[in-house]
Amino acid sequence: PGLQKQLDKNGRLPPGLQKRLEPLPTDLDRRLPRLPELWDRVILERDVILIDRRTNRILDIIENVIGLATGR
């Protein structure tokens with residue numbers, strides 16, 4: 001199932017998926033526009049997620065971007 005379907009009603013990831021988040025590589029993050037202080041870009045499998053650290057709320061999802069960037 002797509003990530004969008006796995007979000008709960010509040011736009012947050014279920015706890016099992018939160019544990020699997022990885023930080024965006026620093027060299028890639030530096031090339032992207034700067035984010036507000038409490039926002040993070042993280043990777044979940046093949047998707048990049050923009051998340052608010054205060055609330056764990058999902059702000060945006062770019063699906064399958066890791067697959068496109070790495071050819072996997």
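**Arg41 and the four-stranded sheet**

Biologist: Let's start with Arg41: buried or exposed, going by its relative accessibility?

Modeller: Arg41 counts as buried, because its relative accessibility is 15% and the cut-off for buried is under 20%. Please keep in mind that this is a predicted model.

Biologist: Where does Arg41 lie?

Modeller: Arg41 lies in strand S2, which covers residues 39-44.

Biologist: And what does Arg41 touch, leaving out residues up to four places away in sequence?

Modeller: With those neighbours left out, Arg41 touches Pro23, Leu24, Asp29, Leu32, Pro33, Leu35, Val48, Ile49 and Leu50. With one of these, Asp29, the side chain of Arg41 also makes a polar contact at 2.9 Å.

Biologist: What do the side chains of Asp29 and Arg41 meet in?

Modeller: They meet in a salt bridge, with 2.9 Å from N to O. The pair links distant parts of the chain, since Asp29 sits in helix H3 (residues 26-31) and Arg41 in strand S2, twelve residues apart. As for the acidic partner, Asp29 counts as partly exposed, at 30% relative accessibility.

Biologist: How many salt bridges does the structure hold?

Modeller: The structure holds four salt bridges. Among them is the one where the side chains of Arg53 and Asp40 meet, at 3.0 Å from N to O. This pair, too, links distant parts of the chain, with Arg53 in the loop between strand S3 (47-52) and S4, Asp40 in strand S2, and their positions 13 residues apart. Arg53 is partly exposed, with a relative accessible area of 41%, and Asp40 also counts as partly exposed, at 27% relative accessibility.

Biologist: What about Arg54, which residue does that one form a salt bridge with?

Modeller: Arg54 forms a salt bridge with Asp52, and the closest N and O atoms of the two are 3.0 Å apart. Arg54 counts as exposed at 59% relative accessibility, whereas Asp52 counts as buried at 8%.

Biologist: Changing topic to the sheet, in what order do the four strands come?

Modeller: The four strands form an open sheet in the order S1-S2-S3-S4, and the pairing is antiparallel. The edge strands are S1 (22-23) and S4 (57-62), each of which pairs on one side only.

Biologist: How many bridges join S1 to S2?

Modeller: Two bridges join these antiparallel strands, and Glu22 stands opposite Ile43 in S2.

Biologist: And over how many bridges do S2 and S3 pair?

Modeller: S2 and S3 pair over six bridges, again in the antiparallel sense, with Leu44 standing opposite Asp47 in S3. The two strands form a hairpin with two residues between them, and Glu45 in the turn has a positive phi of about 55°.

Biologist: Then S3 and S4, how many residues are there between them?

Modeller: There are four residues between S3 and S4, which likewise form a hairpin, and Asn56 in the turn has a positive phi of about 60°. The pairing here is antiparallel over five bridges, and Ile49 stands opposite Ile61 in S4.

Biologist: Last one: how many residues of S3 are buried?

Modeller: Six of the six residues in S3 are buried, so the strand is described as mostly covered, buried meaning under 20% relative accessible area. Both faces of S3 are covered, with Asp47, Ile49 and Ile51 buried on one side and Val48, Leu50 and Asp52 buried on the other.

How values were computed. Residues numbered from 1 in each chain as written. Predicted model: local features only at pLDDT ≥ 70, side-chain atom pairs only at ≥ 80, totals over all residues. Heavy atoms only, no water. Pairing = 2+ DSSP bridges. Buried < 20%, exposed > 50% of the residue type's maximum accessible area, 1.4 Å probe, protein only. Polar contact = N/O pair within 3.5 Å; in protein donor to acceptor, adjacent residues only side chain to side chain. Contact = heavy atoms within 4.5 Å.
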